[in-house]
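Visitor: Hey, could you walk me through this structure? I'd like to ask things as they come up.
Guide: Sure, have a look and ask away.

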2 protein chains.
Amino acid sequence: MDFFPSALETLIDKFASLPGIGYKTAQRLAFFVLSLPDETALSFADAITAAKQSVHCCVVCQNLTDGELCAICSSPRRDASVICVVSDPKGVLAIERSHEFNGMYHVLHGVISPMNNVSPDDIRVKELMTRVSDGGIEEVIMATNPDTEGETTARYISRLLSPFGVKVTRLAYGIPVGGSLEFADDATLMRALEGRMEM
Amino acid sequence: MDFFPSALETLIDKFASLPGIGYKTAQRLAFFVLSLPDETALSFADAITAAKQSVHCCVVCQNLTDGELCAICSSPRRDASVICVVSDPKGVLAIERSHEFNGMYHVLHGVISPMNNVSPDDIRVKELMTRVSDGGIEEVIMATNPDTEGETTARYISRLLSPFGVKVTRLAYGIPVGGSLEFADDATLMRALEGRMEM
């Protein structure tokens, strides 16, 4: 016998399907949403729909955007000869926070990981190759996370890029090994950008 | 400058407005929702809308339901002469899990708390009085949480009920089953001693 109405059970299940949210927390969140004024709760639902419908990948750098080009790719003030390669959109945010980088980005949307069945074809490597082979790129900075998979991805891409004669660099190990870009503090990120080395 | 599309920022803000969810977690959840297949993500939005639209309080016990009466109030097998008073719908679930209670419930949707500006008029006390004054009730079990506010609420309601001549009881205090004496706090041990029963 269910003691909660089915619509509430469904909502709890939805919250519980989110990463890091257990059943008890899901219950708490669902009750909280129910306790909100109608308008606020429905605007939450709308936010999900709107984000899902309007957000997609920038045709150039693959970062998330709601236009055809993202704000960075369409800015005339950015240096189009340097590409910083990150594994996900949170990486872009992290590097932008350091205010040290004025080039473009390339978001891979993943890292090569044989353990998780992610091959180079599953991430946006091909799009990066197209950008570099189109010319005008002088340097590619590999800024994947400093863990095994990020490192593997960086080495793999660096090897692919060698025929093009562009300089390929790697963020310096100012970022703690085993950590995640997302949680690196601004100063550390700045040092990491300054100390980047050729691969 | 925002580096995420505004629809994504909005979604992150919505998640961050939930209790116990900080900005980083909200970011993670929003990215997770974006990574879901369209159908799954939109069904999340629908679940919020549906829950908000169909779930309301049972006209008798004030528990959450999607009908006019909740499953318990409309069941002919429940003993309508006993009402168990809980502070929120999760209390109903907890008591039902014990399989020990076959009466009805009354959900207060809060506890009296001068600190948080919650007076008896803000919770469903009036509805309980109406049910008791309508007659047919023999016992009211106070099952609010065993903390200061729950206790205050129980005492307040118990005083209001005294003119009606119904038996008002309180859940027993004591050491939790499976717990350890060593870790029981002084107040609990005191209550456990006070409430000792003959074997």
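Visitor: Which residue does B:Lys52 form a salt bridge with?
Guide: B:Lys52 pairs with A:Asp38, and their closest N and O atoms are 4.0 Å apart. Keep in mind that this is a predicted model.

Visitor: And where do A:Asp38 and B:Lys52 lie?
Guide: A:Asp38 lies in helix H3 (residues 38-54) of chain A and B:Lys52 in helix H3 of chain B, so this salt bridge joins two chains.

Visitor: Is B:Lys52 buried or exposed?
Guide: Buried, because its relative accessibility is 12% and the cut-off for buried is under 20%.

Visitor: What is the count of salt bridges between chain B and chain A?
Guide: There are 2 between those chains. Over all chains, the search finds 8 salt bridges.

Visitor: OK, what about polar contacts across the interface?
Guide: The rule finds 8 residue pairs in polar contact between chain B and chain A, with both residues at pLDDT 80 or more.

Visitor: Which parts of chain B touch chain A?
Guide: Helices H1 (6-16), H2 (23-35), H3 (38-54) and H4 (89-97) of chain B, plus strand S2 (64-65), each supply at least two residues. The largest share comes from H3(B), with 13 residues.

Visitor: What classes of residue are on that side of chain B?
Guide: By class, you get 32 nonpolar, 11 polar and 9 charged residues there.

Visitor: How many residues are in contact, counting each chain?
Guide: For chain B it's 52 residues, and they are in contact with 54 residues of chain A.

Visitor: How much area do chain B and chain A bury between them?
Guide: About 4800 Å², with 76% of it on carbon and sulfur atoms.

Visitor: Switching topic: how many aromatic pairs are there over all chains?
Guide: The count comes to 5. One of them is A:Phe15 with B:Phe44, an edge-to-face pair with 5.3 Å centre to centre and 90 degrees between the planes. That pair crosses between chains, from helix H1 (residues 6-16) of chain A to helix H3 of chain B.

Visitor: Are those two rings buried or exposed?
Guide: A:Phe15 counts as buried at 0% relative accessibility, and B:Phe44 is buried too, at 2%.

Visitor: Why is the pair of B:Phe15 and B:Phe44 called edge-to-face?
Guide: Their planes are at 65 degrees, so the pair is edge-to-face, and the ring centres are 6.5 Å apart. B:Phe15 lies in helix H1 of chain B and B:Phe44 in helix H3 of chain B, so the pair ties together parts that are 29 residues apart in sequence.

Visitor: Which residues form one aromatic cluster?
Guide: A:Phe15, A:Phe44, B:Phe15 and B:Phe44.

Visitor: Back to charges. What does A:Arg78 meet in a salt bridge?
Guide: A:Glu96, with 2.7 Å from N to O. A:Arg78 is in the loop between strand S2 (64-65) and strand S3 (79-86) of chain A, and A:Glu96 is in helix H4 of chain A, so the pair ties together parts that are 18 residues apart in sequence. Both A:Arg78 and A:Glu96 are buried.

Visitor: How far apart in helix H6 of chain B are B:Glu151 and B:Arg155?
Guide: They're 4 residues apart, about one turn of the helix. B:Glu151 and B:Arg155 form a salt bridge, with the closest N and O atoms 3.6 Å apart. B:Glu151 is buried at 14% relative accessible area, whereas B:Arg155 counts as exposed at 53%.

Technical notes
Residues numbered from 1 in each chain as written. Chains lettered and ligands numbered in written order. Predicted model: local features only at pLDDT ≥ 70, side-chain atom pairs only at ≥ 80, totals over all residues. Heavy atoms only, no water. Contact = heavy atoms within 4.5 Å. Buried area = accessible area lost by both parts, 1.4 Å probe. Salt bridge = Lys/Arg side-chain N within 4 Å of Asp/Glu carboxyl O. Polar contact = N/O pair within 3.5 Å; in protein donor to acceptor, adjacent residues only side chain to side chain. Nonpolar A, V, L, I, M, F, W, Y, C, P; charged D, E, K, R; others polar. Phe/Tyr/Trp six-rings, centres within 6.5 Å; stacked < 30°, edge-to-face > 60°. Buried < 20%, exposed > 50% of the residue type's maximum accessible area, 1.4 Å probe, protein only.
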